[in-house]
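Visitor: Please walk me slowly through one part of this model, and then show me what surrounds it. I would like the cut-offs along the way.

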Amino acid sequence: MIDLRHSFIIALGSISSAKMRSALTALGIIIGVAAVVANVSLGASFNQYFTDELGSLGSNFIIIYSQDVNIFYDAELELIRNTPGIDSASAFNQQTAAVTYISSTRQIDVQGVGEDARYISNLLVEEGNFLSDKDKYVAVIGKEVAEEKFDKDVSIKNYMDITIKRDDGTTVTRKFRVKGILASEDNTFVTGGPDRDVTIYVPIATLNEMLNVTDYVGFSARTEDAESVGEVADEVDKRLARSLGVPTRDLDNDDAKPYRIFDQAEIIEQLDALADSLTVLITLIAVVALIVGSIGIMNIMLVTVTERTREIGLLKSLGYTRNGILTLFILESITVGVIGGILGTLLGLVGSYVVEVYLNIPPVFPFYLVFLGFFISVFVGLVAGVYPANKAANLDPVEALRHE
């Protein structure tokens, strides 16, 4: 009968008697496991980051961009508002303008929106109030515009001049009173939209008047609940396509439509796919390190078998069976793998935490990472130890005792 406890003690003694060799053997496992654990943790953190960023924009939004001029007007806005499942909708337009405050002028993005944009895009006002549809020459500014863009901080009730250049080359300037300042919150990475920290929001009617246009760049809308956002977006798509003369057969062909429509569910799906692809790619690189580590264990164990040939012969003469010798060497290989796995898991968790803090993304450590690191190390140790252990178990005891 195999005494596992005694075999384990012998395996530990063998490892401790060659500390440097054992440490170098475990290093490959440490690096491989650390890379796998860190990559899985980073992938989970990026997924959480994307979800949080989208949540800060609103839980159930739809965005429609025109891909041509003179497409979207008030009729299309009303069509979206009257779509079943739509809670609110707002048109938007945007232009880079020369903005003058006191004696300094800066080029800043100006976006014209309706009052519902505050709820659709979750624009949080830190000071003052947001725009209403009755406002004319008032503005709500981003945090960076208020505190960093000009030589002096901008406060609510201050005035600034906004100069817009029209398509015909003429310019128009209007004086705007600051009605509100937004709380700082950057989420342009996930939407491709304007960074609210460095944007000035004005009434859409006022911006269109300054631009001398009546059409809109696009619309943003919010559904009544997050569960139906995909279905409602499809219905908006059908209605817009029908209104703009797009044939039904081209409804699924984005290149045939003069607009693009995005919803929260679609963006989350795309971002999750991106994060998963990156995680898989980098994890494959980490697997290579694990393979290298397992080869290292196998090589060292083969050397160990050669060095301990006389010991193996002595153990067999004392009654150790083939299975006993096999168990002894496999336990030694697994022990090296487990030690490397524990250290690698800890290193991976610490490394991913440092990277996540540096990138300013939420640290996420799925509990299964500990089991993943342990399983990988045991598996690698087992696979790498089978051949050397089998070689040791098959040694003839008489020949082994004669070995010099």
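Guide: Happy to; we begin with one helix and its core, then move on to a covered strand, some salt bridges and a surface patch.

This is a predicted model, in which local features need pLDDT of at least 70 and side-chain atom pairs count only at pLDDT 80 or more, while totals for chains, interfaces and linings use all residues. Residues are numbered from 1 along each chain as its sequence is written, and side-chain values use heavy atoms, with hydrogens and water left out.

The part to look at closely is helix H8 (229–243). Helices here are DSSP runs of H or I with at least four residues, strands are runs of E with at least two, and both are numbered from the N terminus. H8 has 15 residues, and its first and last C-alpha atoms lie 21 Å apart, close to the 21 Å expected at 1.5 Å a residue; the expected span is 1.5 Å times one less than the number of residues.

Which residues of H8 are buried? They are Val-229, Val-232, Ala-233, Val-236, Asp-237, Leu-240 and Ala-241. Buried means under 20% relative accessible area, exposed means over 50%, and partly exposed is in between, with a 1.4 Å probe and protein chains only. An α-helix has 3.6 residues a turn, so residues three or four places apart point the same way.

Two of those buried residues, Val-236 and Leu-240, also appear among the residues with the most contacts inside the largest nonpolar core, alongside Ile-62, Ile-64, Phe-72, Ile-80 and Phe-219. That core has 24 residues; a nonpolar core is a set of buried Ala, Val, Leu, Ile, Met, Phe, Trp, Tyr and Cys residues joined through side-chain atoms within 4.5 Å. At least two core residues come from each of strand S1 (61–66), helix H3 (74–81), strand S2 (86–101), strand S9 (218–223), H8 and strand S10 (259–263). H8 gives the largest share, six residues.

Now look at what flanks H8 along the chain. Ser-228 sits in the loop between S9 and H8. Ser-228 counts as buried because its relative accessible area is 16%. Its C-alpha lies 9.8 Å from that of Ile-86, although Ser-228 and Ile-86 are 142 residues apart in sequence. Just after H8, Gly-245 adopts a positive phi of about 80 degrees.

Next comes strand S8 (residues 199–203), where five of five residues are buried. Strand S3 (residues 104–113) pairs with S8 in the parallel sense over five bridges, whereas strand S5 (residues 138–141) runs antiparallel to S8 and is joined to it by two. Pairing here requires at least two DSSP bridges between the strands. Ile-200 in S8 has Val-110 opposite it, and Ile-141 also stands opposite Ile-200.

S3 also leads us to the salt bridges. A search of the whole structure finds ten, each being a side-chain nitrogen of Lys or Arg within 4 Å of a carboxyl oxygen of Asp or Glu. One of them joins Arg-106 and Asp-151, whose closest N and O atoms are 3.5 Å apart. Arg-106 is in S3, while Asp-151 is in the loop between helix H5 (143–147) and strand S6 (159–165), 45 residues away. Arg-106 is partly exposed because its relative accessibility is 28%, and Asp-151 is exposed because its value is 61%.

A second pair, Asp-135 and Lys-179, has its closest N and O atoms 2.7 Å apart. Asp-135 is in the loop between strand S4 (125–128) and S5, and Lys-179 is in strand S7 (residues 171–182), 44 residues apart. Are Asp-135 and Lys-179 buried or exposed? Both are buried.

In a third pair, Glu-209 and Lys-136 meet at 2.9 Å, N to O. Glu-209 belongs to helix H7 (residues 204–211) and Lys-136 to the loop between S4 and S5, so this salt bridge ties together parts 73 residues apart in sequence.

Finally, Val-350, Tyr-353, Val-354, Val-357 and Phe-365 make a nonpolar surface patch of about 460 Å². Such patches take residues with over 30% relative accessible area and no salt bridge, joining nonpolar side chains (Val, Leu, Ile, Met, Phe, Trp, Tyr) within 5 Å and like charges within 9 Å; areas come from the Shrake-Rupley method with a 1.4 Å probe, and for residues only the protein chains shown count as cover. Val-350 lies in helix H11 (residues 322–359) and is exposed because its relative accessibility is 52%.
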